Amino acid sequence: MRNILLMIALIGFLATALPSRAAAQNCGCSSEQCCSQWGYCGTGNDYCGTGCKSGPCYAAPAPNTVSVPDIVTDEFFNGIIAQAADSCVGKGFYSRQAFLDALESYPQFGRTGSVDNSKREIAAFFAHVTHETGHFCHIEEINGASNDYCDETVTQYPCNPNKGYYGRGPIQLSWNFNYGPAGESIGFDGLNAPETVANDPVISFRTALWYWMEHVHSVMDQGFGPTIRAINGDLECDGKNQATVQSRVGYYTQYCQQLGVDPGDNLTC
């Protein structure tokens, strides 16, 4: 009799537990829980931080009074793109005005913390952009079309077999699991028209800023090194490619010097 009662209790527990898990995956969270960017319920930074969809999400700090356009001057921007060869396709595509137009959608960029924090974030962003595009020379990844960049396990963002999700834009947006959500956020069909990132300069900059705010902005207070890990850590960090790490660090320290700010500690990954 005791065993039978235990069995009944177990069945009852499973009957209530299984729907709860399904509800969690679909963001049927209780009022004290957050729905994470991946659709799960919980508390803490992984659930209530970046990408939180609903619930008591952590509010972003109020932006400071820094004017990003006053820091990213014509002289600063043109000083980067001027180093690209005249034959580079990016010279007729990227512009400071396209960056500023895209910036309107991301008011938190370069405006968190102190003035020095703002300058470091701007220097870090353009350091990665300079490295990724060769001083705004490249719009698309060199030989990118030869790479698949389709993760079929991410069923939420299924690949179009006729499209390529290789690197495009200032941060070289890659993979279906980035093109899909970037398109949803910005307002273009990232999965069926990824080439938009290479055809529209404002959308191109928006994808770079979208990726930055989703994956990089939150680690800026830890130093430049963690930003490298957030962008290309699997291929470069932990001694995998010290040359590219040093390239990024070199641009970062150069831009910090131009902007009159100390680069801080923890520069490598």
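**A chat about Arg248, His135 and some helices**

Reader: Hi! Where is Arg248 found?
Author: Hi! Arg248 is found in helix 11, which spans residues 242-259. Keep in mind that this is a predicted model.

Reader: Got it. Is Arg248 buried or exposed?
Author: Arg248 is buried, as its relative accessible area is 1%. The cut-off matters here: a residue counts as buried because its relative accessible area is under 20%.

Reader: What does the side chain of Arg248 make a polar contact with?
Author: With the side chain of Glu132, at 2.7 Å.

Reader: And which residues does Arg248 touch, if I skip those up to four places away in sequence?
Author: Here they are: Ala127, His128, His131, Glu132, Phe224, Ile228, Ile231, Asn232 and Glu236.

Reader: Thanks! New topic: where does His135 lie?
Author: His135 sits in a loop, the one between helix 6 (115-133) and helix 7 (176-186).

Reader: A loop, okay. So is His135 buried or exposed?
Author: His135 counts as buried, because its relative accessibility is 12% and the cut-off for buried is under 20%.

Reader: Which residues is His135 in contact with, leaving aside neighbours within four places in sequence?
Author: His135 is in contact with Ile80, Ile81, Gln83, Ala84, Thr130 and Tyr251. With Gln83 there is also a polar contact between the two side chains, at 3.4 Å.

Reader: What separates the C-alpha atoms of His135 and Ala82?
Author: A distance of 7.7 Å, although these two residues are 53 residues apart along the chain.

Reader: Neat. You mentioned helix 7. How many of its residues are buried?
Author: 8 of the 11 residues of helix 7 are buried, so helix 7 is largely enclosed by the rest of the structure. The buried residues are Asn176, Asn178, Tyr179, Gly180, Pro181, Ala182, Gly183 and Ile186.

Reader: What covers the buried residues of helix 7?
Author: The cover includes helix 8 (196-199) and helix 9.

Reader: And which residue follows helix 7?
Author: Gly187 follows helix 7, and its phi is positive, near 105°.

Reader: Let's talk about helix 9 then. How do helix 9 and helix 10 cross?
Author: Helix 9 covers residues 201-216 and helix 10 covers residues 224-236; their axes come within 10 Å and cross at roughly 115°. The crossing is right-handed.

Reader: Which residues make that contact?
Author: On helix 9 they are Tyr211, Trp212, His215 and Val216, and on helix 10 they are Thr227, Ala230 and Ile231. By class, this contact has 5 nonpolar, 2 polar and no charged residues.

Reader: Ile231 came up before, right?
Author: Yes, Ile231 of helix 10 is in the contact with helix 9, and Arg248 touches Ile231 as well.

Reader: Last bit, the overall picture. How many helices and strands does the protein chain have?
Author: The protein chain has 11 helices and 2 strands. From the N terminus on, the order is α-β-β-α-α-α-α-α-α-α-α-α-α.

Reader: What percentage of the residues in the protein chain is buried?
Author: Buried residues make up 44% of the 269 residues. The accessible surface comes to about 13,800 Å², and 51% of this belongs to carbon and sulfur atoms.

Reader: And what about contacts over long stretches of sequence?
Author: Take the contacts between residues at least 6 apart in sequence: 61% of these join residues at least 24 apart.

Technical notes
Residues are numbered from 1 along each chain as its sequence is written. This is a predicted model: local features need pLDDT of at least 70, side-chain atom pairs count only at pLDDT 80 or more; totals for chains, interfaces and linings use all residues. Side-chain values use heavy atoms; hydrogens and water are left out. Axes are lines fitted to C-alpha atoms, for helices over the stretch in contact, and angles run from 0 to 180 degrees between N-to-C directions. Helices (H or I, at least four residues) and strands (E, at least two) are DSSP runs, numbered from the N terminus. A crossing is left-handed if the near helix is turned anticlockwise from the far one by less than a right angle, and right-handed if clockwise. Contact means heavy atoms within 4.5 Å. Ala, Val, Leu, Ile, Met, Phe, Trp, Tyr, Cys and Pro count as nonpolar, Asp, Glu, Lys and Arg as charged, and the others, Gly among them, as polar. Buried means under 20% relative accessible area, exposed over 50%, partly exposed in between (1.4 Å probe, protein chains only). Accessible areas come from the Shrake-Rupley method with a 1.4 Å probe; for residues, only the protein chains shown count as cover. A polar contact is a pair of N or O atoms within 3.5 Å; within protein, one must be able to donate a hydrogen and the other to accept it, and residues adjacent in sequence count only if both atoms are side-chain atoms.
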